[in-house]
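Me: I should like to go through this structure step by step and learn how each term applied to it is justified. Please show the structure, and then begin with the pairing of strands.

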Amino acid sequence: MPNKTIYVSDDDLPLFQRATELAGGKLSAAISTALRRYVEMEEGREEGYDEVIVKVGQGTAVRKQRFSGVLLGEWSRLVGQRNETFRVYRSRKGKYVLHVERSPEWTDSMTRDAENWLSGLFSREALRTYLGLADSDYGFIQGEATLEVLDTFEQLRGRVPDEFFAMITDLGKPPVVEDLDI
């Protein structure tokens with residue numbers, strides 16, 4: 001393989017030294033990886049795709065995942081005490097990416113007694129808690145996020161709310177290029 005010379009300014013030398021360390025002593029591997037990623041992202045940007053970074057996992061096991069895609073739509077709904085948000089992307093390689101975020105689910109003695117309050121059956125103890133004269137308790141279930149990569153748009157059916165699926169059906173088709181003779 002031919003040698004290539006890269007001139008590095010004195011100010012950038014610490015950056016190149018750190019890259020060499022991270023690449024196991026092979027600076028050319030670090031440069032090739034960075035250039036490959038740069039070319040892929042720039043070509044995607046020219047085609048109308050964005051770099052998308054999402055969080056996936058739960059609690060301390062949350063990690064970030066990155067891909068090149070275009071957002072087709074977003075749908076949120078409240079399920080119990082938890083908010084769910086569905087996002088569907090079309091990736092640069094024509095796959096469909098479903099990212100679902102579920103917020104933490106909080107519960108407390110006030111929420112549990114809210115129905116009694118509305119129906120006029122509020123107990124004396126619940127009223128004292130509501131007024132801040134007695135202790136209350138609360139807790140939550142950790143929020144979570146998932147990412148699924150699907151080969152076809154039809155595979156989204158049943159994984160997202162029906163209304164959302166209907167809303168983005170036309171957007172799920174790959175873009176058609178119209179050649180203009182102008």
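Reply: The model is a predicted one. In it, strand β1 (residues 50–58) and strand β2 (residues 63–79) run antiparallel and are joined by seven bridges.

Me: How do you know that β1 and β2 count as paired?

Reply: Two strands pair if at least two bridges are found between them. Seven bridges join β1 to β2, so the pairing condition of at least two is met. One of the positions in this pairing is V52, whose bridge partner in β2 is F67.

Me: What lies between β1 and β2 in their hairpin?

Reply: Four residues separate the two strands of this hairpin, and G59 in the turn has a positive phi of about 60 degrees.

Me: What makes β2 and β3 a pair?

Reply: Strand β3 (residues 82–91) is antiparallel to β2, with 10 bridges between them. The requirement is at least two bridges, so β2 and β3 count as paired. Within this pairing, W75 stands opposite F86 in β3. These strands also form a hairpin, with two residues between them and G80 in the turn, where phi is positive at about 65 degrees.

Me: Which strands pair with β7?

Reply: β1 is joined to β7 by two bridges, and the two run antiparallel. Because the condition is at least two bridges, this pair meets it. Here G57 stands opposite A145 in β7. Strand β4 (residues 96–102) pairs with β7 as well, in the antiparallel sense and over seven bridges. In that pairing, H99 stands opposite L147 in β7.

Me: How many helices and strands does the protein chain have, and in what order do they come?

Reply: The protein chain has five helices and seven strands. From the N terminus on, the order is α-α-β-β-β-β-β-α-α-β-β-α. Of its 182 residues, 23% count as buried.

Me: How do you know that the length of helix α2 agrees with what is expected?

Reply: Helix α2 covers residues 27–46, which is 20 residues. The expected span is 1.5 Å times one less than the number of residues. For α2 this gives 28 Å, and the end C-alpha atoms are 28 Å apart, so the two values agree. The helix is followed by G48, whose phi is positive, near 95 degrees.

Me: Why is E42 called partly exposed?

Reply: E42 lies in helix α2 and has a relative accessibility of 28%. Buried means under 20% and exposed means over 50%. The value for E42 falls in between, so E42 counts as partly exposed.

Me: Why is the meeting of E42 and R45 called a polar contact?

Reply: Their side chains make this contact at 3.2 Å. The cut-off for a polar contact is within 3.5 Å, so the distance satisfies it.

Me: What makes E51 and R37 a salt bridge?

Reply: Side chains of opposite charge can pair when their charged atoms come close. The side chains of E51 and R37 meet at 2.5 Å, N to O. E51 lies in strand β1 and R37 in helix α2, so the salt bridge ties together parts that are 14 residues apart in sequence. The cut-off is within 4 Å, so the distance of 2.5 Å qualifies. E51 is partly exposed at 33% relative accessibility, and R37 is partly exposed with a relative accessible area of 33%.

Me: Why does the contact of E51 with R66 also count as a salt bridge?

Reply: The closest N and O atoms of E51 and R66 are 3.9 Å apart, which is within the 4 Å cut-off. R66, at 49% relative accessibility, counts as partly exposed, because exposed means over 50%. Salt bridges that share partners join R37, E51 and R66 into one network.

Me: Why is L133 called exposed?

Reply: L133 has a relative accessible area of 55%. Exposed means over 50%, so L133 is exposed. Its place is in the loop between α4 (124–130) and β6 (138–141). Together with L127 and L131, L133 makes a nonpolar surface patch of about 290 Å².

Terms used: Residues are numbered from 1 along each chain as its sequence is written. This is a predicted model: local features need pLDDT of at least 70, side-chain atom pairs count only at pLDDT 80 or more; totals for chains, interfaces and linings use all residues. Side-chain values use heavy atoms; hydrogens and water are left out. Patches are made of residues with over 30% relative accessible area and no salt bridge: like charges are joined within 9 Å, nonpolar side chains (Val, Leu, Ile, Met, Phe, Trp, Tyr) within 5 Å. Accessible areas come from the Shrake-Rupley method with a 1.4 Å probe; for residues, only the protein chains shown count as cover. Buried means under 20% relative accessible area, exposed over 50%, partly exposed in between (1.4 Å probe, protein chains only). A polar contact is a pair of N or O atoms within 3.5 Å; within protein, one must be able to donate a hydrogen and the other to accept it, and residues adjacent in sequence count only if both atoms are side-chain atoms.
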